[in-house]
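Trainee: I have this one open for the first time, and I'd like to go through it piece by piece. Can we start with the strands and take it from there?

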Amino acid sequence: MVWFLDFPNSMAPKFQSPLLPQKKKPRPPPALGPEETLASAEAIEHIKEIQNEIDRLNERASEEILKVEQKYNKLRQPFFQKRSELITKIPNFWVTTFVNHPQVSALLGKEDEEALHYLTRVEVTEFEDIKSGYRIDFYFDGNPYFENKVLSKEFHLKESGDPSSKSTKRRQHEEPQSADELGEVIKDDIWPNPLQNYLVPDIGDEEGEGEEDDDDEEEEGLEDIDEEGDEDEGEEDDDDEGQEGEQDEGEDG
């Protein structure tokens, strides 16, 4: 139960790849003559100088990009606040959003979905420096699964580079069940635009609409055939009348 708070520590931001590169024996440079050796040494020194300049530019770029992200992260907050206030007016918004998300819905059991009916608000807050982690807050109405009104999960990146996480201590009525990693899915996929998951159309409805469209097309096709048949009958009647008229003229003559 309460899958969204039993994230393992591995759910913290993946700032480092879990796969370590395999060490290979360095290949020695090819043998060169005295002049080539001197020219290569000079070129290597110039390359190092240029590479140092590139590294300094990359550091400056990272600092400026981080400042831009921090700036716009603050600018987005009032809009997130207004959006959250409007979402509270929509019954079962968050349970519908999570159920409609394929990765989340695959992990939801019956009791999980029932508990999510009490979820009224979700907030994702990045730490001020952004790069050190974020926090997810879940706001609930009173429910039979736990006593907390707000449950939180924080994801940190330690100075050593190792990820860690910290959760609200739950005062639960039942023993919770653990679940797979969902923190990054909520932060990166759902939180930026939860409405797109809430408004996902039902597949059955789409199929039903498609069948209705096919039926309409078939009916239109039948109507066209009937109209063509009526036109043909009208032309035959005109031909018959024309032939009768010619016969009458012949008799009169």
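Trainee: How many bridges join β2 to strand β3, and which way do the two run?

Mentor: Bear in mind from the outset that this is a predicted model. In it, β2 is joined to β3, which covers residues 150–157, by 7 bridges, and the two strands run antiparallel. To find the pairing by eye, look for F138, which stands opposite L151 in β3.

Trainee: And how is β1 joined to β2?

Mentor: β1 and β2 are joined by 7 bridges and run antiparallel, and here you can take L119 as a marker, since that residue stands opposite F140 in β2. The two strands form a hairpin with 6 residues between them, and in that turn I130 has a positive phi of about 65°.

Trainee: Is β2 mostly covered or mostly open?

Mentor: Strand β2, residues 133–140, is mostly covered, with 6 of its 8 residues buried.

Trainee: Where else is there a positive phi, apart from that turn?

Mentor: N92 is one such place, with a positive phi of about 60° although N92 is not a glycine. You will find N92 in the loop between α1 and α2, the latter being residues 93–100. N92 counts as partly exposed because its relative accessibility is 36%, which falls between the limits of 20% for buried and 50% for exposed.

Trainee: Switching topic, how many salt bridges does the structure hold?

Mentor: There are 5 salt bridges in the structure. One of them links R56 with E53, whose closest N and O atoms are 2.4 Å apart. Both residues belong to helix α1 and sit 3 residues apart, which is about one turn of the helix.

Trainee: Are those two buried or exposed?

Mentor: They fall in between, as R56 is partly exposed at 44% relative accessibility, and E53 is partly exposed as well, with a relative accessible area of 43%.

Trainee: Which side chain does R121 meet in a salt bridge?

Mentor: The side chain of R121 meets that of E123, at 2.7 Å from N to O. E123 is buried, because its relative accessible area of 12% is under 20%.

Trainee: What about R135?

Mentor: R135 and D137 meet through their side chains in a salt bridge of 3.0 Å, N to O. The two partners are classed separately, since R135 is partly exposed at 24% relative accessibility, whereas D137 is buried at 6%. Beyond these pairs, E126, K187 and D188 are joined into one network by salt bridges that share partners.

Trainee: Now the pockets. How much space lies in the second largest pocket?

Mentor: The second largest pocket holds about 160 Å³ of space. Its lining includes E126, K187 and D188, along with residues such as N73, R76, F80 and W191.

Trainee: Which elements supply that lining?

Mentor: At least two lining residues come from each of α1 (34–87), β1 (119–126) and α5 (183–190), and the largest share, 4 residues, is supplied by α1. In terms of domains, at least three lining residues are drawn from domain 1 (39–89) and at least three from domain 2 (90–170 + 177–199).

Trainee: And what classes of residue make up the lining?

Mentor: By class, the lining of this second largest pocket has 4 nonpolar, 3 polar and 4 charged residues.

How values were computed:
Residues numbered from 1 in each chain as written. Predicted model: local features only at pLDDT ≥ 70, side-chain atom pairs only at ≥ 80, totals over all residues. Heavy atoms only, no water. 1 Å grid on protein atoms, 1.4 Å probe; cavity = no way out; pocket = protein on both sides within 12 Å on 5 of 7 lines; lining within 4 Å. Points joined across faces, edges and corners; volume = space filled by probe spheres on them. Nonpolar A, V, L, I, M, F, W, Y, C, P; charged D, E, K, R; others polar. Domains from an automatic or database assignment. Salt bridge = Lys/Arg side-chain N within 4 Å of Asp/Glu carboxyl O. Buried < 20%, exposed > 50% of the residue type's maximum accessible area, 1.4 Å probe, protein only. Pairing = 2+ DSSP bridges.
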